[in-house]
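Trainee: I am new to this structure and would rather get to know one part well than skim everything. Could you choose a single part and walk me through it slowly, along with what surrounds it?

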Amino acid sequence: MTSVRRRDFLAAGGALLLAGCSRSGSDQVATPTTSAPSTSAPETSSAAPSPTEEPAPTPGTPAEVLARSTVPVLCFHQIREFRADDGAYARTITTPPSALTAQFQALRDGGYTPVTAPALVDHLQFGTPLPDRPVLLTFDDGSATHATAALPVLQQFGFPAAFFPMTVVLDKPDWLSGDQLRELDAAGMTIGAHSWDHQRMDRISGDQWAEQVDQPRQTLAEVLGHPVDLLAYPHGTWDQETLPHVAAAGYRAAFQLADATDPAQPLLTIRRIMPPPTWDAAALLARLESDF
Ligand SMILES: [Zn+2]
């Protein structure tokens with residue numbers, strides 16, 4: 001696919017996006033532990049090291065991270081009813097709210113516990129324990145339906161999730177607004193970057209790295225008021241040239257779709273699958289078992 005001029009991209013709107021993402025096939029875990037605020041210590045002991053301070057965890061080797069890379073990660077897009085003009089492909093990545101509810105119920109009935117994205121990355125990187133049958137739910141592109149339709153279902157189940165909006169669409173009609181991003185963030189969801197305008201990261205060069213990789217992270221941090229350190233590759237695509245740019249931009253981990261996890265950079269090539277709405281409970285659970 002040739003690259004798309006920004007103006008054309010905006011004009012094409014959702015239809016292009018639907019075409020774009022075609023490649024592929026937390027309870028409850030609380031957000032990663034941060035040390036509790038230290039209780040006010042007597043002034044005389046202020047120089048003493050805090051006995052509650054824990055040593056920094058040791059990152060695993062790439063082989064260790066790869067060995068832990070067995071947690072299923074699901075990738076959804078628009079959460080809405082089908083429209084008459086939705087083509088066959090659009091219908092594979094558009095999830096009606098009732099189908100999302102059914103798939104979430106299947107996860108619950110199957111004993112799965114959705115975890116937060118930071119909890120998953122902590123597990124991969126440091127070996128931090130996760131509950132039995134962990135799964136990560138992610139939502140790409142930045143559709144407004146993530147706030148209006150997905151969030152209510154997530155909250156109904158008490159599930160955490162991660163959202164990866166393109167920054168070019170923010171505050172545009174039918175796309176997430178800054179207020180909605182902050183609403184998702186405040187609800188315990190994780191926000192990560194998904195490029196500026198959905199360029200394939202195995203095909204960009206020069207100034208595009210700053211535009212597509214560095215700047216979206218900064219933009220989202222400004223919207224949210226805190227750092228953002230996760231990325232999902234547009235179209236799920238990446239190559240070996242992509243990874244150093246992603247690492248240099250300060251991302252802690254990055255999510256792809258269908259390629260094999262890179263043995264040297266497993267944190268930057270976390271695999272996901274895109275469950276079509278036609279997968280019933282048995283199909284979804286079977287794929288979680290077979291694909292991860
Ligand atoms: Zn996308």
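Mentor: Gladly! Let's start with a term we will need: two strands pair if DSSP finds at least two bridges between them. Please also keep in mind that this is a predicted model. The part I have picked is strand β3, residues 134-141.

First, a little background. The chain has 292 residues, and 40% of them count as buried. Its secondary structure comes to 11 helices and 7 strands. Against that background, how many residues of β3 are buried? The answer is 8 of its 8 residues, so to speak a strand that is mostly covered.

Now for the partners of β3. Strand β1, residues 73-76, is joined to β3 by 4 bridges, and the two run parallel. To find this pairing in the picture, look for L74, whose bridge partner in β3 is L137. Strand β2, residues 113-114, also runs parallel to β3, with 2 bridges joining them. Here T113 has P134 of β3 as its bridge partner. Then comes strand β4, residues 162-165, which is parallel to β3 and joined to it by 4 bridges. In that pairing, F139 is matched with F163 of β4.

How does the chain get from β3 to β4? Helix α7, residues 145-157, belongs to the path, and β3, α7 and β4 make a right-handed β-α-β unit.

Let's look at what lies on either side of our strand. In the loop between α6 and β3 you will find R133. Phi of R133 is near 50°, a positive value in a residue other than glycine. Is R133 buried or partly exposed? R133 is partly exposed, because 15 other C-beta atoms lie within 10 Å, and a buried residue needs 20 or more.

On the other side, G142 sits in the loop between β3 and α7. G142 counts as buried because it has 28 C-beta neighbours inside 10 Å. Leaving out residues up to four places away in sequence, G142 touches P165, M166, V169, L170, W175, L176 and H194. G142 and F163 make a nice pair to compare in sequence and in space: they are 21 residues apart along the chain, yet 7.3 Å apart from C-alpha to C-alpha. F163 is the residue we met a moment ago as the bridge partner of F139.

Finally, let's place this region in the wider picture. The largest nonpolar core has 64 residues. Among those with the most contacts inside the core are L136, A161, A162, F163 and A253. L136 falls within our strand, residues 134-141, while A162 and F163 fall within β4, residues 162-165. Helix α6, residues 117-126, gives the most to this core, with 5 residues. A253 shows how the core brings together separate parts of the chain: beyond its neighbours within four places in sequence, A253 is in contact with V121, L230, L267, L268 and I270.

So, to retrace the tour: start at R133 in the loop between α6 and β3, follow the buried strand β3, pass G142 in the next loop, and go over α7 to β4 to complete the right-handed unit.

Conventions:
Residues are numbered from 1 along each chain as its sequence is written. This is a predicted model: local features need pLDDT of at least 70, side-chain atom pairs count only at pLDDT 80 or more; totals for chains, interfaces and linings use all residues. A nonpolar core is a set of buried Ala, Val, Leu, Ile, Met, Phe, Trp, Tyr and Cys residues joined through C-beta atoms within 7 Å. A residue is buried if 20 or more other C-beta atoms lie within 10 Å of its own, exposed if 12 or fewer, and partly exposed in between; C-beta atoms are placed from the backbone. Two residues are in contact if their C-beta atoms, placed from the backbone, lie within 7 Å. A crossover is right-handed if, with the strands pointing away from the viewer, the path from the first strand over the helix to the second runs clockwise.
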